[in-house]
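Colleague: Got a minute? I'd like to go through this structure with you.

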Amino acid sequence: MSDPRPQSPADVPPAFRAALDRFDPARPPLILGHFDADGLSAVAILARALDRAGRPAAIRITGKGENPWSPALQQELQANQPGGLIVTDLGIRDGDILPGVPTVLVDHHVPTGTPGEAAVISGNGWVPEPTSSLLAFWCAKALGGNDDLLWLAALGLIGDMAEKGFPELTDAQARYGKTALRDAVSLVNAPRRTARADAGPALALLMRCDSPKELLRGGHPETALLQAAKAEVAAELDRVRRTPPKIRGGVALIRFSSPCQIHPLVAQAWRGRLRDKIVLAVNTGYRPGWIHFAARSATGADLIRFLADHRPPGAGTEYGSGHAQATGGALRPADWADFAARIGFPEETAPEETAHD
């Protein structure tokens, strides 16, 4: 039996059109997306394209620790009573998000389950692998000419470091400038890493602006908020970046406490210095009651498989999704101690800590 999911860019617009045809036209759809540059850009592309097509959508961006398969967020979405649900850059997991509500997932992460009755538009496993924003740009073609949204797709490609093999990115760089696109990504990515993790100002700019240079110009009040967010994250990263790692066998563990989402940045920085290790950056201060960590490695190891092999019994949907070379998770303190012992750090307990060590 052939796979009904899109297998090439040309397959994406008709697949998205077919998914939209299942939506209830009497009620607005809801777009749910991740709060990084790729997710925000995908949301902006889809929302702007739908609005132009006369089908304005409600938008919900996830915050700290939220995912569509969690009961709390599912309850909130259900109360909205959408005519259909578009979920982008938030993974592909087991089960329906909203049973009975037509759903389409636009995503590029490694699937960890079958998402019920949802239609799936996934770039995972393609060579090269498109990001969620590029998939969204191809989806938008089903709604008419939206070529002017190309710069948004480029932001997602650059934000997720998928910069090779896509003619769309080459076109966007020629049209809008490499430096402007990169600077815009840096600014758009900053708010989600702050203590508040409010990506609203970044999304507002992506919905309103028509180019990265307009976004960077500073004529909008949100630009100053993004610049302040960038400064907050830079200060936190500077504070913890010299925390020494503990190394056991093939694993290096760097533990610190920060209210900002800097653990992926710390893991990425140490990845380049400890090239023969799996690097875990562990943040005990990001969200009360949870231990958050990011995993990176230059060894080529499948990190999702590594986490699955050492999964503690209490791990939930917050654990071990993403990419084979860029993943992480969140665990309750007792489960964190269990996981840490499994990978060679039995002394790693998780006492109550303040936001800063």
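Colleague: How do the residues lining the second largest pocket divide into nonpolar, polar and charged?

Modeller: Keep in mind that this is a predicted model. The lining divides into 5 nonpolar, 5 polar and 3 charged residues.

Colleague: And which residues lie nearest the centre of that pocket?

Modeller: Thr112, Arg311, Gly316, Tyr319 and Gly320 lie nearest the centre. The lining has 13 residues.

Colleague: Which elements give two or more residues to that lining?

Modeller: Helix H12, residues 303–309, and strand E10, residues 319–323.

Colleague: How much space lies in there?

Modeller: The second largest pocket holds about 240 Å³.

Colleague: You mentioned E10. Where does E10 sit in its sheet, and what is the strand order?

Modeller: The order is E6-E7-E8-E9-E11-E10, so to speak a list with E10 at one end. The sheet is open, has 6 strands and shows mixed pairing. E10 and strand E6 (246–248) are the edge strands. Each of them pairs on one side only.

Colleague: How much does that sheet twist from one strand to the next?

Modeller: The twist averages 20 degrees.

Colleague: Let's look at the E6 end. In what sense do E6 and E7 pair?

Modeller: Antiparallel, over 3 bridges. Strand E7 covers residues 251–256. One bridge joins Arg248 to Val251 in E7.

Colleague: Which helix packs on this sheet?

Modeller: Helix H11, residues 263–273. H11 touches E7, strand E8 (278–283) and strand E9 (291–297). Its direction makes about 30 degrees with that of E9.

Colleague: New topic. What about the sheet with E1 in it: how many strands, and in which order?

Modeller: That open sheet has 5 strands, in the order E2-E1-E3-E4-E5. The pairing is parallel.

Colleague: Which are the edge strands there?

Modeller: Strand E2 (58–61) and strand E5 (119–122). Each pairs on one side only. From one strand to the next, the twist averages 15 degrees.

Colleague: Over how many bridges do E1 and E2 pair?

Modeller: Over 4 bridges, in the parallel sense. Strand E1 runs through residues 30–33. Gly33 stands opposite Ile61 in E2.

Colleague: Which helix lies across E1 and E2?

Modeller: Helix H3, residues 71–80. H3 runs at about 160 degrees to E1.

Colleague: And which strands does H4 lie across?

Modeller: Helix H4, residues 132–140, lies across strand E3 (85–88), strand E4 (103–107) and E5. H4 runs at about 130 degrees to E4.

Note on methods
Residues are numbered from 1 along each chain as its sequence is written. This is a predicted model: local features need pLDDT of at least 70, side-chain atom pairs count only at pLDDT 80 or more; totals for chains, interfaces and linings use all residues. Side-chain values use heavy atoms; hydrogens and water are left out. Two strands pair if DSSP finds at least two bridges between them. Axes are lines fitted to C-alpha atoms, for helices over the stretch in contact, and angles run from 0 to 180 degrees between N-to-C directions. Contact means heavy atoms within 4.5 Å. On a 1 Å grid over the protein atoms alone, a cavity is a set of points where a 1.4 Å probe fits but cannot get out, and a pocket is an open set with protein on both sides within 12 Å along at least five of seven lines; lining residues have an atom within 4 Å of a point. Grid points are joined across faces, edges and corners, and a volume is the space filled by probe spheres set on the points. Ala, Val, Leu, Ile, Met, Phe, Trp, Tyr, Cys and Pro count as nonpolar, Asp, Glu, Lys and Arg as charged, and the others, Gly among them, as polar.
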